Amino acid sequence: MKSKLYFEYPNINHTLFDKIVDETKEIGYYNLPDVCVDDVYEKISKFADKKYIVVVGIGGSSLGTYAVYNYLKSVKKITTKLYFLESTDPVVLRSVSKKINFDDAVFLIISKSGTTVETVSIFKYLLSNKPLNKDSYIIISDNGSPLHSLALKNDITYFEIPKNVGGRFSVLSNVGLVPLAMIGVDIKKLLLGAKSVKDEFFSKGEIYNALMNKAFMYAKNSHTYDINCLFGYSESFRGFSSWYVQLWGESLGKKQLNSELHVGLTPVGLIGPTDQHSFLQLIVEGIRDKSVTFIKIKNFDFNTEIPDITIEYLEKMDYINNHNFAELINKQADSIIESLINLGDIPLDIIEIEHICEETIGELFYYYELLTSMVAKLIDVNAYDQPGVEDGKKILRGYFN
Ligand code: PA5
């Protein structure tokens, strides 16, 4: 993974690094790449012949898993069917459950708190189709949660989410590892990718410089360039994009710890080239409040060519003939990057990854988690709580009482 910045922040204060090192002692996600996963493989082996894996969870309990699945599905032969039930939307519930053979399915009930209304309501619906039993259900939760008690009492396979790993930082814990291992993703490689970024950052390699510059630039310009666009040049980034939006938005939009001031940075997930025909106009000619990070894939490993065909009246388009689509999409990215560099007033950087594989999505996760923690420190917010979502939950309960 290469992280190339077209800006440099001149006043980096390196004590941020010491603060992050301190935080590694209490915040669990930092050390997830070092965790041994043999236990995961051992415990899921009894479900090996199941044809349908259904992730039941929302937010941090599903977005990371979906990001990996969406990223790898074009390059990996995934024969087990994976479905996500996260929304209370009855339309989705109906259409997904129609596709599942309940007798051949394993439902992964994933919730850190164990009391999330979306997850619990869907769980109830599933139970009405398939009663709780140890061949059809797996529970992933916090030790001591109501779901944990349920698992213990009914002898349901249970995986723990470490107490100090927050929902949106949990993709590299059992939350993501268990479902991903069940569909054949090499979770050891996923963790190796994350570990390579971890090691490079903490040994102050190249990634360290990129992340420090980025964190300071975002934080110090958080009142001017307060919108951060992540422009991934592949459909394979759609899931990652949603994961990024949750991580960045829910971690950084807060009241400051030492004041009552509302602060935050607004994430926008874009996909190229589709969004060249949409949001790009706003970046180029709209208010100068956006930074842009491009993510490119160096080797797509697909050589599909644009055939040497001339279409009557469209002879001018023959310049693309005999080039392959991978080259076209990357040149499209490059042309937009060049056009933005030419403008000179849009903070811009590029992340380039080698291939679509487990390692590179592991790298991306860890890179963005680190960046989030660093920016949070600099803008003086707690990245790991989300008090702003609580009132709505209370009001909802009130509606039903
Ligand atoms: O990041 C977070 O903490 C949240 O987005 C949670 O992941 C989300 O609310 C789901 O919570 P739970 O895992 O407790 O069901």
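Let me start with how helix H8 and helix H13 are set against each other in this predicted model: the two helices pack at an angle of about 45 degrees, and they are therefore oblique to each other. As a reminder for anyone new to this, two packed helices are described by the angle between their axes and the distance between the axes. The distance here, between the axes of H8, which covers residues 187-202, and H13, which covers residues 358-379, is 6 Å. If you turn the model so that you look through one helix onto the other, you can also follow the handedness, since H8 passes H13 in a right-handed crossing.

Which residues of H8 meet H13? On the H8 side they are Lys189, Leu190, Gly193, Ala194, Ser196, Val197, Lys198, Phe201 and Phe202, and on the H13 side they are Glu358, Glu359, Ile361, Gly362, Glu363, Tyr366, Tyr367, Leu370 and Met374. Sorted by class, the residues of this contact between H8 and H13 comprise 10 that are nonpolar, 3 that are polar and 5 that are charged.

H8 has another contact to show you, this time with helix H7, which runs over residues 174-182. The axes of H7 and H8 come within 9 Å and cross at roughly 140 degrees, and that angle makes H7 oblique to H8, because only angles over 145 degrees would count as roughly antiparallel. In this contact, Leu177, Leu180 and Ala181 of H7 meet Ile187, Leu190 and Leu191 of H8, and by class there are 6 nonpolar residues, with no polar and no charged ones. Please keep an eye on Leu190 of H8, which appears in the contact with H13 and also in the contact with H7.

Now to the backbone, where a general point helps: most residues other than glycine have a negative phi, and most peptide bonds are trans. With that in mind, look at the loop between H8 and helix H9, residues 206-220, where you will find Lys204. Lys204 is not a glycine, and yet its phi is positive, at about 60 degrees; its relative accessibility is 44%, so Lys204 counts as partly exposed. Asp301 has a positive phi as well, of about 65 degrees, although it is not a glycine either. You can find Asp301 in the loop between strand E11, residues 290-297, and helix H12, residues 325-343, and with 48% relative accessibility Asp301 counts as partly exposed.

Where does the chain have a cis peptide bond joining a glycine to a proline? That bond joins Gly272 and Pro273, with omega at about 0 degrees, and Pro273 sits in the loop between strand E10, residues 266-271, and helix H11, residues 280-285.

Let me turn next to His262, which lies in strand E9, residues 262-263. Is His262 buried or exposed? His262 is exposed, since its relative accessible area is 63%. Leaving aside residues up to four places away in sequence, His262 touches Lys254 and Lys255. His262 and Val381 are 119 residues apart in sequence, while from C-alpha to C-alpha they are 9.7 Å apart in space.

Last come the cysteines, where the count of disulfides is 0. Cys36 is exposed, with a relative accessible area of 56%, whereas Cys229 is buried, with a relative accessible area of 1%.

Note on methods
Residues are numbered from 1 along each chain as its sequence is written. This is a predicted model: local features need pLDDT of at least 70, side-chain atom pairs count only at pLDDT 80 or more; totals for chains, interfaces and linings use all residues. Side-chain values use heavy atoms; hydrogens and water are left out. Axes are lines fitted to C-alpha atoms, for helices over the stretch in contact, and angles run from 0 to 180 degrees between N-to-C directions. Helices (H or I, at least four residues) and strands (E, at least two) are DSSP runs, numbered from the N terminus. Angles under 35 degrees count as roughly parallel, over 145 as roughly antiparallel, 65 to 115 as roughly perpendicular and the rest as oblique. A crossing is left-handed if the near helix is turned anticlockwise from the far one by less than a right angle, and right-handed if clockwise. Contact means heavy atoms within 4.5 Å. Ala, Val, Leu, Ile, Met, Phe, Trp, Tyr, Cys and Pro count as nonpolar, Asp, Glu, Lys and Arg as charged, and the others, Gly among them, as polar. A disulfide is a pair of cysteine sulfur atoms within 2.5 Å. Buried means under 20% relative accessible area, exposed over 50%, partly exposed in between (1.4 Å probe, protein chains only).
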